Amino acid sequence: MKKILLFFSLFTTTLLFAQNPVELPLWPDKAPNNSRPSETEQNYNNEWVTNITVPTLTIFPASQPNGMAIIMCPGGAYSGLAMRHEGLDMASWLNAQGITYAVLKYRMPNGHNEIPLSDAEQAIRLIREHAAEWGVNPQRVGIMGASAGGHLAASLATLYSSDKTRPDFQILFYPVISMQPGITHGGSRTNLLGENPSQELEQKYSLERQVSARTPQAFIMLSSDDDAVPPINGIGYFLALRDHKVPASLHAYPTGGHGWGFRDNFPYKRQWTEELEKWLREGLVFPGL
């Protein structure tokens with residue numbers, strides 16, 4: 001009964017803070033690169049979206065903004081996007097905390113590894129360009145991602161091209177991090193890098209090897225029994241962050257497998273939501289504070 005009341009309270013509270021979303025095209029004129037311009041997008045009730053040719057950013061402005069914004073990259077092994085439980089479903093919950101939330105519908109690489117990262121960089125540019133409009137502090141913009149979307153989020157956190165696209169923090173759900181055989185998720189590696197990538201490309205996208213002292217602070221969560229993406233991905237990234245003195249928080253739950261996102265059937269949903277809320281409220285350190 002207590003669990004039911006908790007979720008009912010969460011649901012009714014977040015409804016009060018829900019805003020009408022704003023969908024913006026990432027590239028109003030023309031994307032600087034494309035992999036499959038002739039295909040038609042397939043959308044299965046936002047549970048699964050494929051063949052994305054027109055990437056977008058769907059923004060849920062907070063009605064009582066605290067200055068923070070988070071961009072979410074849903075997962076899908078770089079073959080499609082689980083837009084609902086790893087994206088849209090989190091909007092009201094984050095809005096209730098005063099956070100402006102955005103879900104990135106990014107293009108798949110299809111052999112062009114630079115495409116997803118270019119979309120993520122453009123997404124953070126858009127949030128910062130519209131910061132005043134949505135009550136966002138441009139120095140409090142974070143990137144979040146799940147599974148292969150976690151790889152994209154961590155790619156932005158480590159491979160950003162300038163300070164304009166560097167996120168201020170990162171949140172990773174059961175992330176793919178490494179592209180090293182035996183560690184990586186095979187489908188994500190193949191879809192991003194191709195069947196036989198060069199050692200240089202493999203190294204570039206093995207993000208535990210790209211961490212520096214300038215990599216933003218991180219919150220990482222995963223399940224110890226994840227058979228899809230080995231937990232060493234998130235753990236190795238955490239250790240690399242620690243080695244470079246980057247503040248990081250790692251949360252490994254005993255069970256739950258892979259791909260739980262915001263689903264209620266994940267047995268540790270109450271724990272991860274409370275722990276992330278506390279980290280967002282008390283754990284982050286921003287310039288000037």
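**A buried strand and its surroundings**

Strand E8, residues 169-173, has five of its five residues buried, so the strand is largely enclosed by the rest of the structure. This is a predicted model. The side chains of E8 point in two directions: Phe 169, Ile 171 and Phe 173 go one way, while Gln 170 and Leu 172 go the other way. Residues on both sides of the strand are buried.

The partner of E8 to look at next is strand E7, which covers residues 141-146. The two strands run in the parallel sense and are joined over five bridges. One bridge can be found by name: Gly 142 has Phe 169 of E8 as its bridge partner.

After E7 comes a loop that leads to helix H5 (148-159), and Ser 147 lies in this loop. Is Ser 147 buried or exposed? Its relative accessible area is 8%, and a residue counts as buried when this value is under 20%. Ser 147 is therefore buried. Its contacts, leaving aside neighbours within four places in sequence, include Phe 173, Tyr 174, Pro 175 and Val 176. Phe 173 belongs to the set of E8 residues that point the same way as Phe 169 and Ile 171. Ser 147 is also in contact with Gly 75, Val 229 and His 258. For Val 176, the separation can be stated in two ways: the residue is 29 residues from Ser 147 along the chain, yet the two C-alpha atoms are separated by 5.3 Å.

Another buried residue is found in strand E3 (residues 48-50), where Thr 50 has its place. Thr 50 has a relative accessibility of 12% and so counts as buried. With neighbours within four places in sequence left aside, Thr 50 is in contact with Glu 41, Gln 42, Tyr 44, Ser 79 and Gly 80.

These elements can now be placed in the whole chain. The protein chain has nine helices and ten strands. Of its 289 residues, 54% are buried. Among contacts with a separation of 6 or more, 79% are between residues 24 or more positions apart. A compact globule of 289 residues would have a radius of gyration near 19 Å, and the value for this chain is 18 Å, which agrees. The C-alpha atoms fill a box of roughly 50 × 45 × 40 Å along the principal axes.

The outside of the chain can be described as well. The accessible surface is about 12600 Å², and carbon and sulfur atoms account for 51% of this area. The chain carries 23 positive and 27 negative side chains, and the centres of these two sets lie 4 Å apart.

Key
Residues are numbered from 1 along each chain as its sequence is written. This is a predicted model: local features need pLDDT of at least 70, side-chain atom pairs count only at pLDDT 80 or more; totals for chains, interfaces and linings use all residues. Side-chain values use heavy atoms; hydrogens and water are left out. Helices (H or I, at least four residues) and strands (E, at least two) are DSSP runs, numbered from the N terminus. The radius of gyration is taken over C-alpha atoms; the globule rule is 2.2 Å times the number of residues to the power 0.38. Buried means under 20% relative accessible area, exposed over 50%, partly exposed in between (1.4 Å probe, protein chains only). Contact means heavy atoms within 4.5 Å. Accessible areas come from the Shrake-Rupley method with a 1.4 Å probe; for residues, only the protein chains shown count as cover. Lys and Arg count as positive and Asp and Glu as negative; His and the chain ends are not counted. The place of a charge is taken as NZ of Lys, CZ of Arg, CG of Asp or CD of Glu. Two strands pair if DSSP finds at least two bridges between them.
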